[in-house]
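Here is a friendly note to read with the model open on your screen. Take the points one at a time, and find each residue as you go.

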Amino acid sequence: MSIEECVAVASVVIRQTGATILRRTAMRADRNIQQRGTIAKWLLAAPILWAPTVSAEDLTISREILPIRQVSLESPSGTSPESSFSMLLQQPEEVSDDWLWQNGRPEVSGWHEDDHWVAKHDRPGQDGWSGQDWEAGKMPEPNAAGDELQPLPSVYAGYDDGFVIASGANTGLDVDRQPYSLRINGYGQLRHTVFDSRSTNPSLNQLQLKRARIILSGHAFSTDLTYFVQLDGRSTAGDALRLLDYYLDFDIGHRWLGLTEHRLGFKTGLYKMPFSFARWTSGKEFQFADRSMASAFFDVNRSLAWGLYGRIDTPLAPLDWEVALFNGLVTGGAETGSSGQLDNNPAVSIRLSSFPIGTWGANDIADLEFHEQLATRVGAGFAVSTIDRTGMTEFSEPLVVDSGLPLANLLPASASSYTASLYSIDASMKYRGLSFTSEYYFRSISNIEGTLLPTLFDQGFWLEAGYFLTPHEWQVLARWSRVQGNSGTLGARDQSSDEVAAGFVRYFRNQHIKLTMDATHLNGASINSATLDIAPGDDGWLYRTQLQFSF
């Protein structure tokens with residue numbers, strides 16, 4: 001062997017040995033440095049940049065033994081005609097759990113943040129890169145159009161007030177957030193109810209699953225288009241699982257008119273009608289085990305509807321508003337879609353709300369945030385509909401004061417229709433663990449066709465207070481609810497019924513895990529609600545212990 005041949009062989013051996021040492025040294029340093037700097041990246045690149053004569057065959061590795069890792073580096077001036085490029089490097093001998101291997105290419109879920117960048121036109125397996133290039137660790141030629149670093153399409157999964165899966169925007173979509181997303185939430189309430197009856201109504205002692213909800217929500221096509229689906233299963237429904245909510249929400253003002261978000265929107269589907277604060281509040285946000293007697297008596301439930309919503313700036317505070325056109329009053333549940341049981345008269349409702357003082361926070365009623373400054377909220381609602389006998393589901397729904405019987409049971413057979421108008425007004429406050437909420441209702445039954453009956457008037461309210469003995473943990477409660485009016489006597493005289501309650505709550509993880517215990521005295525209930533465990537005419541003590549879990 002000549003001297004020239006010996007020198008050539010030695011040169012190759014030195015280059016290969018040096019490249020291997022530099023690669024392994026740089027990769028070990030890279031693992032120990034959280035913020036990868038320019039020096040570490042150039043150490044990674046050094047074996048290829050300064051050993052250009054090493055052939056692809058010399059760098060071939062076994063993909064069964066050592067995975068390949070992709071990083072992006074900036075080349076120094078004079079070393080490359082391009083300002084940025086992508087290259088392949090050999091994974092060090094000690095492979096961490098973060099690195100996965102699949103068909104010779106790294107899994108996206110196993111890449112670090114800095115590794116998510118590749119040349120726009122030179123992604124592996126696309127636009128000129130072959131499997132042989134990956135296995136050989138060979139860098140492709142720069143694209144003639146110029147290679148710009150772009151983020152790989154990303155799918156995010158994690159917890160953000162619910163388990164969330166979201167994908168990045170497609171190229172060309174005019175959005176600044178994720179247009180495709182899915183949030184999964186759910187909660188359940190296991191309740192032990194004991195009712196000690198002091199009347200002819202039976203007593204009760206049962207364990208029940210009062211609410212078992214699964215919620216799917218997110219964006220589709222655009223962040224301005226929101227969907228919401230809620231499924232409900234409960235003990236009173238047997239084995240049935242019903243579709244409780246299903247609606248779409250489109251932010252017209254932001255998408256088409258150039259307004260800020262939530263200034264003007266369109267909503268349609270099956271959802272809660274905008275009327276009362278008590279109905280608007282989610283069941284998992286209650287302080288007591290459930291709503292009050294008065295809020296159930298004057299309830300406007302879910303329905304199939306379409307409506308508009310928005311926000312108006314005022315000198316005091318922004319004013320939120322919502323209006324809906326829907327099938328009828330108190331047509332929630334499966335009956336909403338049963339057109340044969342409904343009349344042909346739609347209903348209209350509207351709700352206004354505002355937060356004039358302070359920042360309210362995430363929780364609807366309880367002061368879990370422990371406000372250092374006063375926060376207030378006010379609201380009002382209105383709903384109206386003409387109801388006739390052709391829709392018995394609606395005609396028999398309104399109840400009367402004291403007895404809790406359906407109004408249809410008291411009206412003469414000649415009564416063919418009437419107009420029901422409902423009003424609500426509410427106010428709430430929070431301050432240093434103290435919360436106070438009140439809502440007042442008024443209802444009139446007028447234009448009772450086919451009879452000479454006068455207009456019937458009913459009114460009611462609920463007052464509720466809570467106070468944290470220890471912030472975020474132990475809370476004591478008190479509530480008074482009352483319903484009064486002349487509907488039960490068809491205008492002859494007023495009657496009334498009351499609910500007085502007290503209790504406490506132990507919050508283990510805010511609203512996610514909590515235990516509620518309350519005791520309620522009834523002196524003749526005016527409602528018939530399996531959810532509240534109250535029957536018409538109930539007189540006695542109602543005890544409820546409820547464990548809630550939500551995610």
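The points below go through strands, salt bridges, two single residues and a surface patch.

1. Before anything else, keep in mind that this is a predicted model. Every value here is computed from it, so please read the distances below in that light.

2. Let us begin with strand pairing. Strand β9 (residues 222-233) and strand β10 (residues 242-250) run antiparallel and are joined by 8 bridges. To see one pairing, look at Tyr227, whose bridge partner in β10 is Leu248. Strand β10 is also joined to strand β11 (residues 264-272), again antiparallel, by 5 bridges. There, Tyr247 has Gly269 in β11 as its bridge partner. A general point to carry along: in a regular strand the side chains alternate between the two faces of the sheet.

3. Now for charges. Side chains of opposite charge can pair when their charged atoms come close. How many salt bridges does a search of the whole structure find? The count is 21. One of them links Asp533 and Lys210, with the closest N and O atoms 2.8 Å apart. These two residues come from distant parts of the chain, 323 residues apart: Asp533 sits in the loop between β21 and β22 (539-550), while Lys210 belongs to strand β8 (residues 204-220). Are they buried or exposed? Both Asp533 and Lys210 are buried.

4. Strand β9 comes back in another salt bridge, between Asp232 and Arg213, at 2.7 Å from N to O. Because Asp232 lies in strand β9 and Arg213 in strand β8, this pair ties together parts that are 19 residues apart in sequence. Asp232 has a relative accessibility of 1%, so it counts as buried. Arg213, at 8%, counts as buried too.

5. Strand β10 takes part as well. Asp245 forms a salt bridge with Arg302, and their closest N and O atoms are 2.9 Å apart. Asp245 is in strand β10 and Arg302 in strand β12 (residues 302-312), so parts 57 residues apart in sequence are tied together. Asp245 is buried at 3% relative accessibility, and Arg302 is buried with a relative accessible area of 6%. Elsewhere, salt bridges with shared partners join Arg191, Lys210, Arg211, Asp290 and Asp533 into one network.

6. Next, a single residue: Gln189, in strand β7 (residues 180-197). Gln189 counts as buried because its relative accessibility is 0%. What does its side chain meet? The side chains of Gln189 and Arg211 are joined by a polar contact of 2.8 Å. A polar atom of the Gln189 side chain also lies 3.2 Å from the backbone oxygen of Gly283. Beyond its neighbours within four places in sequence, Gln189 has contacts including Gln208, Lys210, Lys284 and Leu547.

7. For contrast, try Ala519 in strand β21 (residues 513-523). Ala519 is partly exposed because its relative accessible area is 23%. Leaving aside neighbours within four places in sequence, its contacts include Val500, Ala502, Trp541 and Tyr543. The C-alpha atoms of Ala519 and Thr545 are 9.0 Å apart, with their positions 26 residues apart along the chain.

8. Finally, turn to the surface. Leu434, Tyr467, Leu469, Trp474 and Val476 make a nonpolar patch of about 450 Å². The elements that give two or more residues to this patch are β18 (456-470) and β19 (474-485). Tyr467, found in strand β18, is partly exposed, with a relative accessible area of 39%.

Definitions and conventions:
Residues are numbered from 1 along each chain as its sequence is written. This is a predicted model: local features need pLDDT of at least 70, side-chain atom pairs count only at pLDDT 80 or more; totals for chains, interfaces and linings use all residues. Side-chain values use heavy atoms; hydrogens and water are left out. Two strands pair if DSSP finds at least two bridges between them. Helices (H or I, at least four residues) and strands (E, at least two) are DSSP runs, numbered from the N terminus. Patches are made of residues with over 30% relative accessible area and no salt bridge: like charges are joined within 9 Å, nonpolar side chains (Val, Leu, Ile, Met, Phe, Trp, Tyr) within 5 Å. Accessible areas come from the Shrake-Rupley method with a 1.4 Å probe; for residues, only the protein chains shown count as cover. A salt bridge is a side-chain nitrogen of Lys or Arg within 4 Å of a carboxyl oxygen of Asp or Glu. Buried means under 20% relative accessible area, exposed over 50%, partly exposed in between (1.4 Å probe, protein chains only). A polar contact is a pair of N or O atoms within 3.5 Å; within protein, one must be able to donate a hydrogen and the other to accept it, and residues adjacent in sequence count only if both atoms are side-chain atoms. Contact means heavy atoms within 4.5 Å.
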